[in-house]
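Okay, everyone, thanks for coming. I'll put the structure up, and then we'll talk about rings and holes.

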Amino acid sequence: MMAESSEGSIDASDSIHGILYLPQPIVQKIMSCLPPRVATQISILSKDWNHAFNTLPTLEFDEETFGSKDVGGHDADIENDTFLEYVDGYITRRREHDLNIDSMSLLVFSRGDKLSLMVPKWIDIASRLNLRDLTLGRIVDYPNRRWYDHKCPDLVSNTVSVLHVSHLYMKGVKTRLPRLEELVLHRVDESSDVLNELMLSCPALRRVELIECSHFGDLLICGPKLETFEASGMYRVNSISISAPNLMSFSIASTLTIGLPDGELSTIQVHGTQNLRELTLDLCVVGIRTIREAISRLRLLDTLRLRGSWSAERIRITHKNLKHLVLTRFDSLRRVKTQTPNLVSFQYDGLNIPIIGPRDSTRLASARLEVDFGVRTKRSYLKAAKFLRYFGHCDSLTLICNNVEALVLPEEIRSVMLPPLHNVKHLKLEILFNTPEVNTSSSQLTESLRWMGPHLETLVVSSKPRHEKTPCPHSETPVIGSKPRRDKYSRANRKRGRSETVAAAATRDAFSTKKTHPASSVGSSHV
């Protein structure tokens, strides 16, 4: 307890002593939020704080925030030697006292031979101190500093199990990471040789993620323990060969939005991955014919996710064991032919109302449909009803539409057709709007939905703001210069993100994508 004076005020000396004797985890948390130079200065306050500083489990060396309180405070004028001396001195002290290092992150923007020589030394020292997690990145957007001109140092360690490399040139880099389990490459071009070498030389590798990487040519995916492979924002990949007997999930997406009719990939070989359960493919990269050939060889496939392109108008999927099917961004799709008797869930997102058939799955339990019905005539009403009838035997159904009037069926339409959602028990309708003035409790809408699903047990009607999709490009040229919405290596995002709390950053990330944006209920009705 802090002592109080006769006037009731708290003694300042007791307050200082209370701070000095905080638990070590709290002290280390405070120091991890400060610039390195400031953390070094406050570490002399007491022996406990000095010990907490010298035993930080996670080391984060950031050249841009080195010695400054605000991101970009020294901008491009930070002295490279000063930063290198600080990092070298700190890591050397850890080695002299034999203090373990669990994780190390090095983010720099300077370039020079001295940096290329010292980083392998630091990795070697940290590896002797049981380094597990290593992150190497180049801070981008500085004038006259092109990230692809900066080469990644040689990566040699007998202890590193997690490796993240971003915005570095990796061609010709020597690697020896026998215990590597997780590999993440972010905007690393012309690194197919390094990636193939890591795949072949890292028997413990379990997860690989590629973000906005290109110029891979022929990509080899292999490993006796590899379980997950994810590639997003990729382009200029000629072929993919998979030989990973324990691979459970495979995903590849492109920066293209139009794509070629036959896809960018010439071949995708899946002979060596018979245990694959989840497959996510982009039709801008992989042609539908190649997809059908790959699916036919994956007997244990459980979940299939396909991202469409503007040239995809017809699709046929045949698989007797498939349980989950997701079709997203099929803006030109007109017909879907499925032969999936064990299908349990179905999701569709597109501009058109496709013709789906035949209905051979008696186990379809749930469906989520985001489509613009746009009905105006009797023929369009009947087309929409036929589309919904395919999901009439589902237990639960979620509809996302733009126009409420599309689901208010006129009496003349009801008289010539049967209720399309005859066996649906749980119906959820989400209405997208541009302005807050939306009435979701209309009696006509509720009456029409009740007629469409005569056996409904629950009915929920809500509304949320519309988020426009990516505009349709007029060419097939990928957006090479675009960056991720939350690229931590971009100066603009770093300046904006430093002033935010972790919760605020997570909230903005949730609102930045359409999938995770929470619905703001304006009105609801329950049956």
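Quick bit of vocabulary before I start: when I say helix, I mean a DSSP run of H or I at least four residues long, and helices are numbered from the N terminus. Also, keep in mind that this is a predicted model.

So, aromatics. The structure holds eight aromatic pairs. Take Tyr 86 and Tyr 90: their ring centres are 6.5 Å apart and the planes sit at 20°, and under 30 degrees counts as stacked, so that's a stacked pair. Where are these two in the chain? Both belong to helix H5, residues 80–96, and because they're four residues apart there, about one helical turn separates them.

Are they buried or exposed? The cut-off for buried is under 20% relative accessible area. Tyr 86 comes in at 15%, so it's buried. Tyr 90 is at 2%, so that one counts as buried too.

Further along the chain, there's an aromatic cluster made of Phe 346, Tyr 348, Phe 387, Tyr 390 and Phe 391.

Now the holes. Searching the whole structure turns up three cavities of 30 Å³ or more. The largest has a volume of about 80 Å³. Twelve residues line that largest cavity, and the closest to its centre are Ala 384, Ala 385, Leu 388, Ala 406 and Leu 409. Which helix gives the largest share of the lining? That's H9, residues 378–389, with four residues.

And what's the lining like by class? Twelve nonpolar residues, no polar ones and no charged ones.

That's my bit. Over to you for questions.

Technical notes. Residues numbered from 1 in each chain as written. Predicted model: local features only at pLDDT ≥ 70, side-chain atom pairs only at ≥ 80, totals over all residues. Heavy atoms only, no water. Phe/Tyr/Trp six-rings, centres within 6.5 Å; stacked < 30°, edge-to-face > 60°. Helix = DSSP H or I, 4+ residues; strand = E, 2+ residues; numbered from the N terminus. Buried < 20%, exposed > 50% of the residue type's maximum accessible area, 1.4 Å probe, protein only. 1 Å grid on protein atoms, 1.4 Å probe; cavity = no way out; pocket = protein on both sides within 12 Å on 5 of 7 lines; lining within 4 Å. Points joined across faces, edges and corners; volume = space filled by probe spheres on them. Nonpolar A, V, L, I, M, F, W, Y, C, P; charged D, E, K, R; others polar.
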